[in-house]
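Trainee: I am new to this structure. Please take one helix and go through it closely, then add a few single residues for context.

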Amino acid sequence: MQIFESLDELSNAAADAFCKAAKEAIDERGVFRVTLSGGSTPKRLYELLATKALPWQNIEFYWGDERNVTEDNLDSNYRMVREALLSHLPADSLRAFPVPVDPDNPAATAEAYEKTLRETFAGSDVPTWDLALLGMGDDAHTASLFPETKAIEQNDRWFVENWVPKMETYRYTLTSPAINSARQRWFLIGGSNKRQALASVRSSASDLPAGLFPSRLIESPTWFVTRDAVAIS
């Protein structure tokens, strides 16, 4: 776990690490494939990345989760990333693959995006991302794998629609096997409201089920965390 005094410090460190990971992947494989996180915490990272001189034509952006709204909606994860990062990059170098949300047909939306992923990673049993960027909610959800929802138990699909009862809406999400297939998995976590969830997710206690703490499903992640999110012992 890397602990930072502020979200800005965290974001700068993550941006530097992103650039390093991108260079290594492109040098080795010619492409850097990353799945992005929504929410408020990674926004500053995306703004910082927009200022970096990276070989954007060799970087592919995908979405780890999305809300059941069109791309012009204020709640859209794609819209947030577009405004913070994508709109500042050279248009002819942009390689972004957002979720094609049809709010009236969640199943078809998820199937269409899974088809995109399976075409990208043709011949692979899982999508071999170079990096999966993740956040965590104060209920310990990550991506849109919410506590006690069906997507938590999904092991055959890569990307699914997930009904979230407490929100009374569908969300779209990578499944845990499709996240864990990434070469690197980074959690970006800031805020005192995440303190209890983070402590539970990182606990060694065996009686904390992943069904209640979905972030526990993610294997061997790297943690970028602000100090106020760390439990005081």
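Mentor: What follows covers one helix and then two residues from other helices. The model is predicted, so to speak a computed one: local features need pLDDT of at least 70, side-chain atom pairs count only at pLDDT 80 or more, and totals for chains, interfaces and linings use all residues. Residues are numbered from 1 along each chain as its sequence is written, and side-chain values use heavy atoms, with hydrogens and water left out.

The helix is α6, residues 195-202; helices (H or I, at least four residues) and strands (E, at least two) are DSSP runs, numbered from the N terminus. In α6, Ala197, Leu198, Ser200 and Val201 are buried, that is, under 20% relative accessible area, where exposed is over 50% and partly exposed lies in between (1.4 Å probe, protein chains only). These four lie on the same side of α6 because they cover an arc of only 165° around the axis, the arc being that of the directions from the helix axis to the C-beta atoms. An α-helix has 3.6 residues a turn, so residues three or four places apart point the same way. The buried residues of α6 pack against strands β9 (185-189) and β10 (222-226).

Leu7 lies in helix α1, residues 7-29, and is partly exposed at 35% relative accessibility. Beyond four places in sequence, Leu7 touches Thr41 and Thr226, contact meaning heavy atoms within 4.5 Å. Leu7 and Gly191 are 184 residues apart along the chain, yet 8.4 Å separates their C-alpha atoms.

Asn77, in helix α3 (residues 77-84), is buried, with a relative accessible area of 3%. Neighbours within four places aside, Asn77 contacts Gly38, Gly39, Trp63, Asp65, Glu66 and Arg67.
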